[in-house]
Amino acid sequence: MTSAKEERPRALLADASRPWVRLLPWAVAFVLCVALLPTTIVVLTADYGLNGGVAAGLAVVQAAPLLLAVVRPLQVWCVVFVADVAGALALLTVDFEERLLWPFPPMEIVGYVGLCLALGLRERRRTLALVWSATAVANVALGFAAPHDFGAKGLLFTILGGVALLLGGVLRERTEVQRRLAEQETISEAERSRRTLLEERARIARELHDVVAHHMSVITVQADTAEYRLDKLSPDVREEFTSIAATARESLGEMRRLLGVLRNEEARGELVPQPGLAQIGQLVEATARAGGPVEFTPCDVDVPEAVGLSAYRIVQEALANVVRHAPGARTRVSLSVSEDDPRDGAQLTVLIVNGPPPQPSAEPLEASGTGHGLVGMRERVRIIGGTLDAGPLPDGGFRVAALLPLTEKDFT
């Protein structure tokens, strides 16, 4: 069961973004009604010689419903069409001059054309074809009863009505196509963003796999060699170490299967160790050789491998963005460890700040990027429970600041 709000018909052009466009149909309907109502009475009585009461009744039925054409054009058409045909039959009872239009006087044609335009903006092709067919049949049938010569002027009702129906239908379909294209672009943009996010998460997972796999391998080796390295182990302890080694090997197997799902067909496993804090200095040197002065403040501290990898990738992406978007800009990279906080524990602070490029119009030193950017930075920080603050500076530069937790509880 639908609600009353859902059943209520929408006005023509109600979805337009500009207020004056939404009000335009109402304004046109009001002007037509106000102008045609008295005009029809005057023309039918003064020019055609129709009785005043009959003329007034026809004028009301032909013009007043136009106000509702903005919301219900098809229902209004049924009323106005019958009224126009009735008016043509009523004019057969009086003697009017041959120069006057029949079966439909000019004011009826004007109102009917406006109504057909509203129909074209609302109804489908099949409905419009039926409306025009009914108009043409009625117009031609009345032509056989014409009191005077019935020429091309007598078909203006059908011709102009058909043009209005065609014009309204074309505008409606064009608007519908534009709306669908806009929706498709919105969906495509959302899908691209989602795909980028998923690809970056998979890349991070592949890199973290190497870090975790290293620790699991160490556990396996230590558990397997415990009985040879340690003297006088009891059978229960040996069995415990054997169980630990088996569990570690099983976990490694599960991780490799998971990694196989994450890797695409083109991706190949890397045989080099994952980088960490010790390799950030090499990134800084490479950026300096590319032409950008970089000031680096290292931090000599042991951090978990996942944290070191995340810090390296954040600095890597930030420096790459400097090279691409602000070549030659002065850049500062600093690593520091905060004091232990009773609530949060120690944190590694990664800060990359660059100034505006010396020549804003200069071409970037690198034309293409990794395609990850801030999405990758935020995902890495989120995975290890940290925070990231990135944004432009008032002087035209850019700042990236990441806080990465170092205590074990923050990774749970």
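## A tour of the five-stranded sheet

Select Thr297 and Ser334: Ser334, in β2, is the bridge partner of Thr297. Helices (H or I, at least four residues) and strands (E, at least two) are DSSP runs, numbered from the N terminus. This is a predicted model, in which local features need pLDDT of at least 70, side-chain atom pairs count only at pLDDT 80 or more, and totals for chains, interfaces and linings use all residues. Residues are numbered from 1 along each chain as its sequence is written, and side-chain values use heavy atoms, with hydrogens and water left out.

Next, show β1 together with β2 (residues 331-337): the two run parallel and are joined by four bridges. Two strands pair if DSSP finds at least two bridges between them.

Now select the five strands of the open sheet, whose order is β1-β2-β3-β5-β4, with mixed pairing. At its edges are β1 (294-297) and β4 (387-392), each pairing on one side only. Neighbouring strands are turned against each other by 5 degrees on average, direction ignored. Axes are lines fitted to C-alpha atoms, for helices over the stretch in contact (heavy atoms within 4.5 Å); angles run from 0 to 180 degrees between N-to-C directions.

Add helix α9 (residues 280-289), which lies across β1 and β2 and runs at about 170 degrees to β1. Then add helix α10 (residues 305-325): it lies across β2, β3 (347-354) and β5 (398-405), at about 5 degrees to β3.

Finally, show the whole chain, with its 11 helices and five strands. Of its contacts with a separation of 6 or more, 71% are between residues 24 or more positions apart.
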